[in-house]
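Let's take a friendly walk through a protein model, starting with a helix and ending in the core. Have a look at the picture first.

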Amino acid sequence: MEGKLIERLEAAVARLEALSAGGVSARDLPDVGVEVATDPSIVAFDDLMANYAARVSAAAEKIGGQVLDVTKILVEALSVQKKLLIEIKHAQKPDMAGLAEFLKPLNEAIMKANAMTEGRRSDFFNHLKSAGDSLSALAWIAYTGKDCGMSMPIAHVEESWQMAEFYNNKVLVEYRNKDPNHVEWAKALKELYLPGLRDYVKSHYPLGPVWSASGKKASSAPPKASPPGAPAPPPPPPASLFSAEPSQPSSSRPKQGMAAVFQEINTGNVASGLKKVTADMKAKNRTDRTGIVSAGEKETRSSSSSFSKAGPPKLELQMGRKWVVENQIGRKNLVIDDCDAKQSVYIFGCKDSILQIQGKVNNITIDKCTKMGVVFKDVVAACEIVNCNGVEVQCQGFAPTISVDNTSGCQLYLSKDSLGASITTAKSSEINVLVPAAEADSDWGEHALPQQYIHVFKDGQFETTPVSHSGG
């Protein structure tokens, strides 16, 4: 009996030392005893880091650079989550404001990883986005019930990884024939969440974290008072991942554009802000105006008119049946999560953006988009790609039909359930279809769809066959 107790104590010390090496020192942890250190959920979290996170770190060590930096932040975020899980066992459930403050250290680690993707795009942008987006899966710890506005912990982990997998697949495709270390890093990162974190949450916290009913209140750092004569504090940062404040409803926002004009008309104060035109302000009486338009003025007018033609960005549900996503530029976090099988999605004029469609819809149309990424689950009718350039579309569920028309550069990622999809192409080039391998650990298979054909008149009719290239 005494020997077993010594072994348990030695194991607890070893785990705390490993945690300290991962970015959280033992003095930062709450007062933990042997019973907490040997708690099944905490032991399982240690196993998660030892079996999965350690594999990601080992691959990152071989790569170095920014990949290693973002991996260290990932391990730091996991260590912070373990600290919070230990403290939850001794703390009462706080209110929403207290919960946001309690989870602030975890949010700071996640924001630190996301900050690495901002600014000038690096050569390892896909690695950084994959790791940064994946950390949103750690927000499962913020689940407080079905009315908290987020999916249940297991579903949240799976949904968060789906967004990160878009970039993770890019790493696999880019380096599968170049550097096995990058491939190993991408595979290890996926396994950290699926099955790693998902199975951990499923086994220990399927309904969210269990707070102590008789424990102390969750600790939070009180705001520091400013000394006399000190400058005013800076404005608050953007809303964090665990923000307790709900988003402002559209009805309470100040009206803009034509909505503001009609609001002025309805109030009856249309002419209140107008200025009277005097004689010297009329064009015929001005001496500083000539009939010659300069080149700079032409350029300004043309650029402003082209902007007005593009129109404002939209992401809205029209008539309850059609989701419209228009003129989105540089938006990487577009999400449609409240949809059903009777609705369609129309994506038009978007550039350098990513849209995730969570749920089954009837039809998806991607029209006149450039460098656009679309991730969807299930589609009832078809996914249509028209007049696009450099788009990437990933089906994670089932799609009976995919059509590509007048498009240059298109990457299609199919799931195992959509391998039987009928793919139709017309007037398109550089169409590549990536399919999952038969074995889970194998690379994706890439297949280029033919864009050249041979037509031979034979037996009274033309026979058409695709051009085959040796060594292709």
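Buried means under 20% relative accessible area, exposed means over 50%, and partly exposed is in between, using a 1.4 Å probe and protein chains only. Helices here are DSSP runs (H or I, at least four residues), numbered from the N terminus. This is a predicted model, where local features need pLDDT of at least 70, side-chain atom pairs count only at pLDDT 80 or more, and totals for chains, interfaces and linings use all residues. Residues are numbered from 1 along each chain as its sequence is written, and side-chain values use heavy atoms, with hydrogens and water left out.

So, on to H3. Its buried residues include Ile42, Phe45, Leu48, Met49 and Val56, and Ser41 and Asp46 are buried there too. Right after H3 comes Gly64, with a positive phi near 75 degrees.

Here is H3 next to H8. The expected span is 1.5 Å times one less than the number of residues. The bend at a residue is the angle between axes fitted to the seven residues ending there and the seven starting there.

| Helix | Residues | First to last C-alpha | Expected span | Bend |
|---|---|---|---|---|
| H3 (40-63) | 24 residues | 34 Å | 34 Å | about 35 degrees, at Ala53 |
| H8 (153-175) | 23 residues | 32 Å | 33 Å | about 40 degrees, at Ala164 |

H8 is largely enclosed by the rest of the structure, because 17 of its 23 residues are buried.

Now for the core. A nonpolar core is a set of buried Ala, Val, Leu, Ile, Met, Phe, Trp, Tyr and Cys residues joined through side-chain atoms within 4.5 Å. The largest one has 61 residues, and Trp140, Trp185, Tyr193, Leu197 and Tyr200 have the most contacts inside it. Among the elements giving two or more residues to this core are H3, H8 and helix H4 (65-88). H4 gives the most, with 13 residues. Domain 1 (35-217) and domain 2 (314-466) both give residues to this core, so it lies between them; the domain bounds come from an automatic or database domain assignment.

What does Tyr193 touch, leaving out residues up to four places away in sequence? Counting heavy atoms within 4.5 Å as contact, its partners include Leu74, Val157, Trp161 and Arg198.

One last stop: Thr117, in the loop between helix H6 (104-115) and helix H7 (125-134). Thr117 is buried, with a relative accessible area of 17%. A polar atom of its side chain lies 2.6 Å from the backbone oxygen of Asn114.

Key. Polar contact = N/O pair within 3.5 Å; in protein donor to acceptor, adjacent residues only side chain to side chain.
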